[in-house]
Amino acid sequence: MLQDAEIMKRNNRLRDAVLRSREFQIGNYKLRIEYFLYYPERNPCELPLHTHRFWELSFLTGGKVDYHIRREECTVSLEEDDDHYVFIPPYQKHSRRNNCRDAMILGFMLAIAGAAPEDERRLLEAVRRRGYCLHGSTGREALEVQELLSHPQEVLEVEELSLRLRLLLISIFRENFPELFRSVRSGMAKRNPVWLAETLISEHLRTPFRAEDLARRCGLSRRHFYRCFEAEYGMPVNEFIRRRRLVQAAHDLLHTTRPLKEIADDAGFRNLSYFIRQFRRFYSLTPGQYRARRPD
């Protein structure tokens, strides 16, 4: 169990990660991450009925906690390392009971807006049908987030964490609400063709992609591809590619002893000076300074 001082430091890093890129869109829904924090509870306790102005999406990495939802008179039980989340709408009265020591809650506070009022109504109804309980915390995206959070706070990779938090949310909502979060008003097919572009980019970072080539592989015109990609990932395709490359380079700097030029080249940066400028822009450190934070 982390000490309180360490949790405070990590929450500061989490705040930095959220602020990097807090708004994005999935289908008809715009999401804004307001908070993502650790909530340690050292001793058994019970919080009285309360509400939040945002959607709460929480899971555990330690202990066991019960959430009681007043409106439905139902209880959602969370345990460490299970595959459950509690998902509570804004202003929904609920209480929380922890019957053990050293429970550790990780929680999102989210603002979610549908493209139309009926979208928000459909989401609320779908959450109630599921009993305010979602699944998916054992998926690849959640494990990647938890692996990053296990790093010492001084080497937490904020840019990578920011991207992983968004991918985690996309994964959760697609898994639990496929009928809502895989559709857009344009009438696009349920299987979004730009997902293929994400796979191609991730598997071939060294490839000097052109948007025209990616659009053609996805079966879209360049203009439609740009629009669909930004709606799905909340950023232009060129920015997505650059961030993916920088995340890969940052990982290699911390976890390998390979030369800087080789790391930059493998991440798709042919010009070392350009790579250093871009790296410093996103991480506020040169690659050498970033690598110096690597634990012995």
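**Notebook: buried cysteines and a small lined space**

I began with Cys133, which counts as buried because its relative accessibility is 14%, below the 20% cut-off for that label. The structure I am reading is a predicted model, so I keep to what was computed from its atoms.

Next I asked how many disulfides the structure holds. I found zero disulfides, and I then looked up the cysteines one by one. Cys133 takes part in no disulfide, and the cysteine sulfur nearest to its own belongs to Cys74, 9.2 Å away. A disulfide would need the two sulfur atoms within 2.5 Å.

I turned to Cys218 and asked why its sulfur forms no bond with that of Cys228. The sulfur in Cys228 is the closest cysteine sulfur to that of Cys218, but at 9.2 Å it is too far for a bond. I also noted that Cys218 counts as buried, with a relative accessibility of 10%.

My last entry concerns empty space inside the model. I counted two cavities of 30 Å³ or more in the structure, and I followed up the second largest, which holds about 50 Å³ of space. Which residues line the second largest cavity? I listed Phe24, Leu163, Arg166, Leu167, Ile170, Tyr233 and Phe240. Sorting this lining by residue class, I got six nonpolar residues, one charged residue and no polar ones. Helix H4, which spans residues 158-176, gives the largest share of the lining of this second largest cavity, with four residues.

Methods:
Residues are numbered from 1 along each chain as its sequence is written. This is a predicted model: local features need pLDDT of at least 70, side-chain atom pairs count only at pLDDT 80 or more; totals for chains, interfaces and linings use all residues. Side-chain values use heavy atoms; hydrogens and water are left out. On a 1 Å grid over the protein atoms alone, a cavity is a set of points where a 1.4 Å probe fits but cannot get out, and a pocket is an open set with protein on both sides within 12 Å along at least five of seven lines; lining residues have an atom within 4 Å of a point. Grid points are joined across faces, edges and corners, and a volume is the space filled by probe spheres set on the points. Helices (H or I, at least four residues) and strands (E, at least two) are DSSP runs, numbered from the N terminus. Ala, Val, Leu, Ile, Met, Phe, Trp, Tyr, Cys and Pro count as nonpolar, Asp, Glu, Lys and Arg as charged, and the others, Gly among them, as polar. Buried means under 20% relative accessible area, exposed over 50%, partly exposed in between (1.4 Å probe, protein chains only).
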